[in-house]
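Here are some exercises to work through with the model open beside you. Try each one yourself before reading its solution.

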Amino acid sequence: MGRKKVTVVGAGHVGATTGLAIVNKGLADVVLTDIVEGMPQGKALDMMEATPLIGNDARITGTQNYVDTQDSDIVVITAGLARKPGMSRDDLLFKNAEIIGGVVDEIVKYSPDSIIIMVTNPLDIMAYLAYKKSGFPRERVLGMAGVLDSARFRTFIAMELGVSVDNTHAFVLGGHGDSMVPLPRYSTVAGVPITELMSEEQINRIVQRTRDGGAEIVNLLGTGSAYFAPAAAATQMVEAILQDKKKILPCAAYLEGEYGVSDAYVGVPVQLGAGGMESVFEIELTDEERTAFEDSVAEVKESIAKLDL
Ligand code: TXD
């Protein structure tokens, strides 16, 4: 039967780092593809030459040709432009929509049974575009954002309380970016809600830092945006699917009435397994949380409307 196959489209910062993480964990053979001639080949060969040191036999190759991506189990899409300082996620919308449209056509042609994990921003909109363009069932088109946002939230909780990141759990809902809705009530340290462990001021500060997490890194880097944690987040989704873990992770998913939302991609907890999204995990929201969530959904829908699909 052989190893599973994961294609990563876009071999830039997030794409290459994701490819390496997948190989490091021995999850699958990886194909990196990019429009830049030679670049994915070069990065893949460099990573391949690390495999004797890493100690596993997963193969990683680079290509410009989608024929080489044929029959992938998962396709992670990171192709596109990254945000620059001062640039909003919406600025990226039209340029990246054009890129993603072309990429999705190739995926449908060569890997019609694959599961797509969208990473390119603006995330919820690009996931929606991929869903519509591919014609795949919603179970097989997901967006990565919540796993990253909740990892950031967890990092800040652990830093604030001086506890192991292992003991932290964080819950975020809604669109990726400024409208993200962290849920402190469901965010815990060793099972205890952080609302019992921190002052309101502390929680608000951490929530705000989480919301601004992407921008904080963009501003520090000067060029480009975060990629280590984003790649780790995409890899966790890949792992949950390939290992059929049935893991509940916050992902951008196409909703059909769940959480009172239809016809939009928005971040909610879903169960990931071999079939992709195996179910949407619904939880009760307080009025305040629901309002924040609905505001976030409205923002996503506004951007979706701009694409005129
Ligand atoms: O939480 C999240 N979802 C995100 C999203 C977290 C981090 C980064 N996020 C977004 O991912 C970011 O805003 C960008 O839209 C993507 C990729 O970010 P990255 O930092 O990896 O950008 P790079 O380094 O510029 O890499 C993009 C690559 C680059 O090598 C281009 O040559 C390539 O994409 N590219 C293409 N590859 C294949 N096919 C086409 N058409 C193409 N166009 C550009």
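Helices and strands here are DSSP runs, numbered from the N terminus, with at least four residues for a helix and at least two for a strand. Keep in mind that this is a predicted model.

**Exercise 1. Find the cis peptide bond and say where its proline sits.**

Step 1: look at omega. The bond joining Asn121 and Pro122 is cis, with omega at about -5°.
Step 2: place the proline. Pro122 falls in the loop between S5 and H5.

**Exercise 2. Which residue has a positive phi although it is not a glycine, and where does it lie?**

Step 1: check phi. Ala190 comes up, with a value of about 50°.
Step 2: locate Ala190. The loop between strand S10 (188-189) and strand S11 (192-193) holds this residue.

**Exercise 3. Split the chain into domains and describe how they touch.**

Step 1: set the bounds. Domain 1 covers 5-143 and domain 2 covers 146-307.
Step 2: get the spacing. Taken over C-alpha atoms, the centres of domain 1 and domain 2 are 21 Å apart.
Step 3: count the residues in contact. Domain 1 puts in 40 and domain 2 puts in 48.
Step 4: turn to area. About 3,500 Å² is buried between domain 1 and domain 2, and carbon and sulfur atoms give 69% of it.
Step 5: see who loses the most on the domain 1 side. That's Asp124, Tyr128 and Arg138, which together make up 20% of what that side buries.

**Exercise 4. Work out the polar side of the interface, then say which elements of domain 1 build its face.**

Step 1: count salt bridges. The rule finds 4 across the interface of domain 1 and domain 2.
Step 2: take an example of a salt bridge. The side chains of Arg138 and Glu256 pair up at 3.3 Å, N to O.
Step 3: widen the search to polar contacts. Between domain 1 and domain 2 there are 9 residue pairs, both partners at pLDDT 80 or more.
Step 4: list the elements. Those giving two or more residues to the face of domain 1 that touches domain 2 include helix H1 (13-24), helix H4 (93-110) and helix H5 (123-134), along with strands S4 (74-77), S5 (115-118) and S6 (141-143).
Step 5: pick the top contributor. H5 gives the most to that face, with 8 residues.
Step 6: sort the face by class. It has 24 nonpolar, 5 polar and 11 charged residues.

**Exercise 5. How many residues surround the ligand, and which are the closest?**

Step 1: count them. There are 25 residues around the ligand, and the closest are His13, Val14, Asp34, Leu81 and Met144.
Step 2: look at the ligand's oxygen atoms. One is 2.9 Å from a polar backbone atom of Leu81, and an oxygen atom is 3.3 Å from a polar backbone atom of Gly80.
Step 3: try nitrogen. A ligand nitrogen atom is 2.8 Å from a polar backbone atom of Met144.

**Exercise 6. How many salt bridges does the whole structure have, and how far apart in sequence are Glu98 and Lys95?**

Step 1: search everything. The total comes to 13.
Step 2: check the pair. The side chains of Lys95 and Glu98 meet in a salt bridge at 4.0 Å, N to O; the cut-off is within 4 Å.
Step 3: place the pair. Glu98 and Lys95 are both in helix H4, 3 residues apart, or about one turn of the helix.

Terms used
Residues are numbered from 1 along each chain as its sequence is written. This is a predicted model: local features need pLDDT of at least 70, side-chain atom pairs count only at pLDDT 80 or more; totals for chains, interfaces and linings use all residues. Side-chain values use heavy atoms; hydrogens and water are left out. Domain bounds come from an automatic or database domain assignment. Contact means heavy atoms within 4.5 Å. Buried area is the accessible area (1.4 Å probe) that two parts lose on being put together, summed over both. A polar contact is a pair of N or O atoms within 3.5 Å; within protein, one must be able to donate a hydrogen and the other to accept it, and residues adjacent in sequence count only if both atoms are side-chain atoms. Ala, Val, Leu, Ile, Met, Phe, Trp, Tyr, Cys and Pro count as nonpolar, Asp, Glu, Lys and Arg as charged, and the others, Gly among them, as polar. A residue is near a molecule or strand if one of its heavy atoms lies within 4 Å of it.
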